[in-house]
Amino acid sequence: MTALLTVDNLKVSYPTRTGVIEAVRGVSFTLDRERLGIVGESGSGKSQTGRAIMGLTPKHGIVTADKLDFNGIDLIQASAKERRLLRGKRIAMVLQDPKYSLDPVMSIGRQICETLRTHEKVSKAEATERALAMLEAVQIRDPKRVFDLYPHEVSGGMGQRAMIAMMLIAGPELLIADEPTSALDVTVQLDVLKILDKLVSERGMGLIFVSHDLRLVSSFCDRVIVMYAGRIVEELRASDLKNAQHPYTQGLLNCMPQIGEDRHPLPVLDRKPEWAA
Ligand SMILES: Nc1ncnc2c1ncn2[C@@H]1O[C@H](COP(=O)(O)OP(=O)(O)O)[C@@H](O)[C@H]1O
Ligand SMILES: [Mg+2]
């Protein structure tokens with residue numbers, strides 16, 4: 001059986017006047033219907049990896065791979081039109097801040113309905129019914145009321161849920177969640193994670209969960225990939241984190257504060273040039 005997603009030697013680079021920026025430098029992994037975490041500090045290439053899979057690399061970026069295969073579809077060879085059809089329908093992406101992904105001048109319910117209707121031929125009444133059910137599935141208590149609200153009228157946590165509903169309404173097989181909870185309070189973060197978790201197990205989706213928070217990722221995912229300077233430095237089962245081999249992963253683990261601990265001085269993550277080689 002082939003994997004849901006196969007990424008082999010993925011590279012993303014940006015030519016600039018002063019040279020080429022290599023954002024992703026040969027990333028390889030496979031994903032089935034499971035939860036895969038990608039962690040690493042800011043700038044390590046996590047989002048660029050997600051965007052390349054999604055087909056959302058900015059125009060001036062160059063994406064190459066020995067293989068980038070989604071369910072037998074060669075994403076490198078696929079036309080812009082084919083990729084547009086995949087996006088939202090079969091592969092969806094949830095971003096850190098719903099403010100940038102929700103349309104400010106359209107009610108939440110209408111946005112979800114329109115997303116559905118671009119991918120499926122359904123009547124207005126059926127779209128409304130499914131949008132309400134989806135809002136309920138992301139645990140919005142009063143879906144009928146929220147349906148008519150505009151993005152600025154809801155809290156960050158509610159906006160994030162609305163966005164998850166919008167991303168999931170067409171029933172994607174792969175969901176890429178790029179720091180979906182980073183802008184939220186800790187308690188709301190956990191709620192959103194629980195919702196994602198439930199949807200992944202109920203719908204049998206594959207999930208790529210991107211975060212800089214190693215602890216969060218390991219509590220939530222089956223497997224974790226650790227990225228540093230555009231490369232994978234380590235891949236682990238989440239339950240096996242304490243046996244991490246790479247000093248960068250150990251550094252990330254060390255930087256996680258423990259409750260009740262008094263730390264003077266604060267640990268600093270040290271970096272060795274050879275890790276980026
Ligand atoms: N549009 C762009 N043009 C040039 N370089 C970019 C662009 N977007 C991202 N990069 C570079 O790619 C690297 C990885 O970025 P990113 O994937 O967003 O990191 P992360 O999500 O891990 O914080 C960054 O160092 C950044 O400089
Ligand atoms: Mg990012």
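Helices, taken as DSSP runs of at least four residues, and strands, taken as runs of at least two, are numbered from the N terminus. In these terms the predicted model can be described through the surroundings of ligand 1, through its largest pocket, and through a span annotated in UniProt.

The shell around ligand 1 consists of 13 residues, and among these Ala23, Gly43, Lys46, Ser47 and Gln48 come nearest. The helix α1 makes the greatest contribution to this shell, supplying three residues, and both α1, which covers residues 46-54, and the strand β2, which covers residues 19-31, provide at least two residues each. By class, seven residues of the shell are polar, four are nonpolar and two are charged.

Several polar contacts connect the protein with oxygen atoms of ligand 1. At glutamine 48, a polar backbone atom lies 2.8 Å from an oxygen atom of the ligand, while at lysine 46 an N or O atom of the side chain is found 2.9 Å from a ligand oxygen. The backbone also takes part at glycine 45, where an N or O atom is 3.1 Å from an oxygen atom of ligand 1. Taken on its own, ligand 1 has 560 Å² of accessible area, of which the protein covers 68%.

The largest pocket of the model has a volume of about 420 Å³. Its lining is made up of 17 residues, with Gly55, Leu56, Thr57, Ala80 and Arg83 lying nearest the centre of the pocket. The elements that contribute two or more residues to this lining are α1 and α2, the latter spanning residues 80-86, and the largest share, three residues, is that of α2. In composition, the lining of the largest pocket comprises eight nonpolar, five charged and four polar residues. The helix α1 is thus named both among the elements of the shell around ligand 1 and among those of the pocket lining.

With respect to annotation, an unreviewed UniProt entry lists residues 5-254 as "domain: ABC transporter". In the model, this span is 37% helix and 27% strand, and the C-alpha atoms at its two ends are 32 Å apart.

Conventions. Residues are numbered from 1 along each chain as its sequence is written. Chains are lettered from A and ligands numbered from 1 in the order in which they are written. This is a predicted model: local features need pLDDT of at least 70, side-chain atom pairs count only at pLDDT 80 or more; totals for chains, interfaces and linings use all residues. Side-chain values use heavy atoms; hydrogens and water are left out. A residue is near a molecule or strand if one of its heavy atoms lies within 4 Å of it. A polar contact is a pair of N or O atoms within 3.5 Å; within protein, one must be able to donate a hydrogen and the other to accept it, and residues adjacent in sequence count only if both atoms are side-chain atoms. Accessible areas come from the Shrake-Rupley method with a 1.4 Å probe; for residues, only the protein chains shown count as cover. Ala, Val, Leu, Ile, Met, Phe, Trp, Tyr, Cys and Pro count as nonpolar, Asp, Glu, Lys and Arg as charged, and the others, Gly among them, as polar. On a 1 Å grid over the protein atoms alone, a cavity is a set of points where a 1.4 Å probe fits but cannot get out, and a pocket is an open set with protein on both sides within 12 Å along at least five of seven lines; lining residues have an atom within 4 Å of a point. Grid points are joined across faces, edges and corners, and a volume is the space filled by probe spheres set on the points. UniProt positions are given in the numbering used here, feature names are shortened, and annotations may be inferred rather than shown by experiment.
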